[in-house]
Amino acid sequence: DVTNNQGMLQLIDVPQSVGGYMITVTKSGYSTDKTYTPGAGNPNPVKTDSTVDAGSVTQVTFAIDRVSTINLSTRNQVCGAVSGVDFKIDGSKLIGAGTPDILKYSTTSVTDMTGSRIFSNLEWDTYEFSITDSAYDFAGSIPLTPLTISPNTTQNLQLLIEAKNPKSILVTVKDSGTGLPVTGATVTLSKTGFSTNAITGRGSIPQTDWSGGAGQATMTDMTKFWTSDGNIYIGPPAGEIKLVNLGGDYQSSGWLESSAFDLGGASNFHNISWASISQPPETGVNSVKFQVATNVDNATWNFVGPDSTNGTYYTTANTDISNHKGSRYFRYKVFLSTVTATSTPLVSDVSFTFTTSCIPPGQAFFNGLMGGTYTLTVTHPSYQAMSAEIQITADFQKLDVALNP
């Protein structure tokens, strides 16, 4: 039967039954609501099958609305599609209460060859997403999850993933009043002998090995680079660069140019950093210097320093490179020098931060952690600082932090 203009259906003189009336309500283009029969799969339904007694009126209310669509994609931080990623979606509405609760909507799926998956005919609800793939970790989302879906809407959702490197934690920083993500917050994880930090809403790419050698134009192998002047020693051991030593003396200077990092689209760059920060005094002042080049064509490389000319250099680690805006491709050039033939500067890693359309707002992801107790500190110029001890125990954890203005 069908409801009237007031959305009601009245049935008169129906037979008596104790918990015997199974009712399903739906309409084309709408969601479905129904009663459930208690059983092994759902012993305590939220809405049980209805009972009709003699001489009484049984009234049952159902709620349906137009269905919606989620266009889901799995991406890395440089907007590259990642295919074949296993994930799970859980709604928040219940059809059964108890231990455990029975969700009305829960499904597993996998992204296709384009790193996408479309979910249509979804009921309005709040949905949580998790990565179930053994090869990847959930490193953030655009917009934030859980994701609240209204009736008759289409919502795009990007899940940012990174290669699994447990233990890992995803920290989401929100404004305590509005619940909106806070971008630009510095999140620091530290314990005895260890400290690392990230800035919410910014991506970071490190290079820690150059032993793969020269000749790679665009970065695909993180152990390689583009070219050098031949005076840079790249190992062994892997994981550091320094000046070449010939006959017991180091070369007086040398340079190395990285491969091109492809950020996938227009990007803004924020900082470049390197280690070691402190160099032997014998090497002289500014024995480690950098220049940066960016472009949109992966062809025009104009290396410049802080004033955007080729005559200046970045000489302080974690220095600002925000004069590079709107480009897709990035390269760095490192210059080493020494004034003493028996000493060389050394660089063990280089990293830079950036923002793109695929960097989730208000989130910071840390992986490769050891288990144990850490101090989590979150600071932002417009908010009160927050500090707390947290336990890293699982291969993957999520933590929400609310900041007060």
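**Close-up 1. Val171 and its partner across the strands.** Val171 sits opposite Ala364, a residue of strand S31. Everything in these views comes from a predicted model. Strand S15, residues 168-175, pairs with S31 in the antiparallel sense, with four bridges between them. Pull back a little and you find an open sheet of three strands, ordered S31-S15-S34, with mixed pairing. The edges belong to strand S31 (363-366) and strand S34 (396-403); each has a single partner strand, so one side of each has no neighbour in the sheet. On average, neighbouring strands here are turned by 15° against each other, ignoring direction.

**Close-up 2. A salt bridge between Lys174 and Asp400.** Stay with strand S15 for this one. The side chains of Lys174 and Asp400 meet in a salt bridge, at 3.8 Å from N to O. Along the chain the two are 226 residues apart, so to speak at a distance, with Lys174 in strand S15 and Asp400 in strand S34. Lys174 counts as partly exposed because its relative accessible area is 21%. Asp400 is partly exposed too, with a relative accessible area of 49%.

**Close-up 3. The largest nonpolar core.** Nonpolar side chains tend to be buried together in soluble globular proteins. Here, the largest nonpolar core has 30 residues. Leu256, Leu263, Ile272, Trp274, Phe290, Phe330 and Tyr332 are the ones with the most contacts inside this core. At least two core residues each come from strand S21 (241-243), strand S25 (261-275), strand S26 (288-295), strand S28 (325-337) and strand S30 (349-355). S25 gives the largest share, five residues.

**Close-up 4. Arg328 and Asp262, a pair from two of the core's strands.** Opposite charges on side chains can pair when the charged atoms come close. Arg328 makes a salt bridge with Asp262, and their closest N and O atoms are 2.7 Å apart. The pair links distant parts of the chain: Arg328 belongs to strand S28 and Asp262 to strand S25, 66 residues apart. Arg328 is partly exposed, with a relative accessible area of 30%. Asp262, at 28% relative accessibility, also counts as partly exposed. Elsewhere, Lys93, Lys104 and Glu123 are joined into one network by salt bridges that share partners. A search of the whole structure turns up 11 salt bridges.

**Close-up 5. Strand S21, with strands S20 and S29.** Strands S20, S21 and S29 form an open sheet in the order S20-S21-S29, and the pairing is antiparallel. Strand S20 (232-233) and strand S29 (346-347) take the edges, each with a single partner strand, so one side of each is left without a neighbour in the sheet. S21 and S29 run antiparallel and are joined by two bridges. Look for Ile241, whose bridge partner in S29 is Val347. A salt bridge also shows up in this view, with the side chains of Glu240 and Lys242 meeting at 3.8 Å, N to O. Glu240 is buried, and Lys242 is buried as well.

**Close-up 6. Strand S14 and two of its partners.** Strand S14 covers residues 154-163 and runs parallel to strand S5 (residues 68-75), with seven bridges joining them. On that side, Ile70 has Gln155 of S14 as its bridge partner. Strand S12 (residues 136-142) runs antiparallel to S14, and six bridges join the two. The bridge partner of Ile142 in S14 is Gln158. For orientation, side chains in a regular strand alternate between the two faces of the sheet.

**Close-up 7. The nonpolar patch at Leu9, Leu11 and Val14.** This view moves to the surface. Leu9, Leu11 and Val14 form a nonpolar patch there, and together they have about 240 Å² of accessible area. Leu9 lies in the segment before strand S1 (17-21). Leu9 counts as partly exposed because its relative accessible area is 40%.

**Close-up 8. Ala185 in its loop.** Ala185 is found in the loop between S15 and strand S16 (186-191). Is Ala185 buried or exposed? Ala185 counts as buried, because its relative accessibility is 0%. Also in view is Arg202, 17 residues from Ala185 along the chain, with 9.7 Å between the two C-alpha atoms.

Conventions:
Residues numbered from 1 in each chain as written. Predicted model: local features only at pLDDT ≥ 70, side-chain atom pairs only at ≥ 80, totals over all residues. Heavy atoms only, no water. Patch = residues over 30% accessible without salt bridge, like charges linked within 9 Å, V, L, I, M, F, W, Y side chains within 5 Å. Areas by Shrake-Rupley, 256 points an atom, 1.4 Å probe, with all protein chains shown as cover. Salt bridge = Lys/Arg side-chain N within 4 Å of Asp/Glu carboxyl O. Buried < 20%, exposed > 50% of the residue type's maximum accessible area, 1.4 Å probe, protein only. Pairing = 2+ DSSP bridges. Axes fitted to C-alpha atoms, helices over the stretch in contact; angles between N-to-C directions. Core = buried A, V, L, I, M, F, W, Y, C linked by side-chain atoms within 4.5 Å.
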